Amino acid sequence: MAIPYFDLPLNLPHAGRIAERIGRLVEQRAVGVDLRWFRLAETAESLECLLAPYRAAEDDPPDDEAEPVRQRAAEIGRDLVEEIAAQGLGEDRLGQCVRNLFECLALGEEGAALSLRAGEDPRSLQRPS
């Protein structure tokens, strides 16, 4: 059975805002809690740094600039999910942010699946139906 997903166009500015949210979520948990979060924080920071130049923009850059950024952001997002799953750090809000990130990268179907590995509740009202 296919997983429902939102099919949205590329939106690097919003992807940058979501990367910032992911960074804040991870950072809040890394402070004095558990060393497993520190490695995750490094990956989240690399995603945030990649997308930071686009966060304040009104529109996406031209396709020849946007596509390599989109591909790299998706790679880092996949790495992030692998680390979350391997360390058992998944939680609903983090999983929702992963799904939102991939939706903004125009990879909604992949994001709907990855978000579950990152801890999103499959019964969440935020998920597409």
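Okay, let's start with one residue: R55 has a relative accessibility of 24%, so it counts as partly exposed. Keep in mind that this whole thing is a predicted model.

So who does R55 pair up with? Its side chain meets that of E20 in a salt bridge, 3.9 Å from N to O. R55 sits in helix 2 and E20 in helix 1, so this pair ties together parts that are 35 residues apart in sequence. E20 is partly exposed too, at 25%.

E20 also has a salt bridge with R24, at 4.0 Å, N to O. Those two are four residues apart in helix 1, which means about one helical turn separates them. R24 comes out as partly exposed, with 45% relative accessibility.

Now, R55 belongs to helix 2, so let's walk along that one. Helix 2 covers residues 36-55, which is 20 residues. At 1.5 Å a residue it should span 28 Å, and its end C-alpha atoms are indeed 28 Å apart, so the two agree. There is a bend, though: about 30° at C49, with a proline, P53, following within four residues.

Which residues of helix 2 are buried? They're W37, L40, T43, A44, L47, L51 and Y54. And they pack against helix 1, helix 3 and helix 4.

Two of those names come back in the core. The largest nonpolar core has 33 residues, and the ones touching the most other members are I22, L47, L51, L101 and L105. Helix 1, helix 2, helix 3 and helix 4 each give two or more residues to this core. As background, nonpolar side chains tend to be buried together in soluble globular proteins. If you click on L105, look for its contacts further off in sequence, including L10, L12, R70 and A74.

Back to charges. The whole structure has 11 salt bridges. Another one joins E82 and R117, at 2.6 Å, N to O. E82 is in helix 3 and R117 in helix 5, so again the pair ties together parts 35 residues apart in sequence. Then there's a network: R99, E103, E120 and R127 are joined by salt bridges that share partners.

Let me finish on E120, in the segment after helix 5. Is E120 buried or exposed? Its relative accessibility is 2%, so it counts as buried. Its side chain makes a polar contact with the side chain of S115, at 2.8 Å, and another with the side chain of R127, also listed at 2.8 Å. Among the other residues E120 touches are E91, D92, G95 and Q96.

Terms used: Residues numbered from 1 in each chain as written. Predicted model: local features only at pLDDT ≥ 70, side-chain atom pairs only at ≥ 80, totals over all residues. Heavy atoms only, no water. Expected span 1.5 Å × (residues − 1). Bend = angle between axes of the 7 residues up to and from the residue. Buried < 20%, exposed > 50% of the residue type's maximum accessible area, 1.4 Å probe, protein only. Contact = heavy atoms within 4.5 Å. Polar contact = N/O pair within 3.5 Å; in protein donor to acceptor, adjacent residues only side chain to side chain. Core = buried A, V, L, I, M, F, W, Y, C linked by side-chain atoms within 4.5 Å. Lists of a residue's contacts leave out its neighbours within four places in sequence.
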